[in-house]
Amino acid sequence: MPSVFTRIIQRELPAAIVFEDERVIAFKDINPAAPVHILIVPKKEIASINDVTQADEALLGHMFIVAGQVAREQGVAESGYRLLLNNGRDAGQEVFHLHLHLIGGRRLGPMVLRGG
Ligand code: AMP
């Protein structure tokens with residue numbers, strides 16, 4: 001079964017796409033946590049960081065380059081933003097197709113709740 005993000009890449013599902021090249025796509029999160037909430041997704045369907053190999057090194061680097069570019073285009077490069085990657089159950093990963101969340105446009109508060 002293709003992931004929901006692969007279905008977006010293949011234009012089987014709609015999305016508000018803000019960036020695309022041959023290796024990466026970026027689109028607005030459907031349930032945004034902040035005024036700017038973009039998902040940066042490799043077109044290669046990698047389930048999680050657990051599945052990354054040496055062959056993906058350049059692709060992962062490219063995702064960060066794209067993140068910086070998208071942040072500038074979204075107007076949060078100077079105000080600041082958070083890049084977040086949920087990996088596995090304890091992190092609450094919902095979609096098992098690797099993705100970076102780019103979240104900004106307001107004060108984001110602490111990175112994680114401490115304690116517990
Ligand atoms: P994660 O918990 O890191 O796996 O995050 C998955 C993210 O994908 C969530 O923030 C969802 O709101 C988002 N999401 C799920 N389906 C879609 C979709 N069809 N279009 C845009 N974002 C989506």
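**Exercise 1.** Which polar backbone atom is 2.9 Å from an oxygen atom of the ligand, and to which residue does it belong?

*Solution.* The model is predicted, so to speak of local features a pLDDT of at least 70 is needed, side-chain atom pairs count only at pLDDT 80 or more, and totals for chains, interfaces and linings use all residues. Residues are numbered from 1 along each chain as its sequence is written, and side-chain values use heavy atoms, with hydrogens and water left out. Step one is to look among the ligand's oxygen atoms, and step two is to find the partner, a polar backbone atom of Val 95. The pair fits the definition of a polar contact (N or O atoms within 3.5 Å).

**Exercise 2.** Which residues of the shell come nearest to the ligand, and what classes make up the shell?

*Solution.* Start with the 16 residues around the ligand, where near means a heavy atom within 4 Å; Asp 29, Glu 94, Val 95, His 99 and His 101 come nearest. Sorting the shell by class then gives 7 nonpolar, 6 polar and 3 charged residues, with Gly counted as polar. Helix 1 (4-9) and strand 2 (24-28) each supply at least two shell residues, and helix 1 gives the most, with 3.

**Exercise 3.** How much of the ligand's area does the protein bury?

*Solution.* Begin with two further contacts: a polar side-chain atom of His 99 lies 2.8 Å from an oxygen atom of the ligand, and a backbone N or O atom of Ile 30 lies 3.1 Å from a nitrogen atom of the ligand. Taken alone, the ligand exposes 510 Å², of which the protein buries 87% (Shrake-Rupley method, 1.4 Å probe).

**Exercise 4.** What is the order of helices and strands along the sequence?

*Solution.* Count first: the protein has 2 helices and 5 strands, which are DSSP runs of at least four residues (H or I) and at least two (E). Reading along the sequence then gives α-β-β-β-α-β-β.

How values were computed. Polar contact = N/O pair within 3.5 Å; in protein donor to acceptor, adjacent residues only side chain to side chain.
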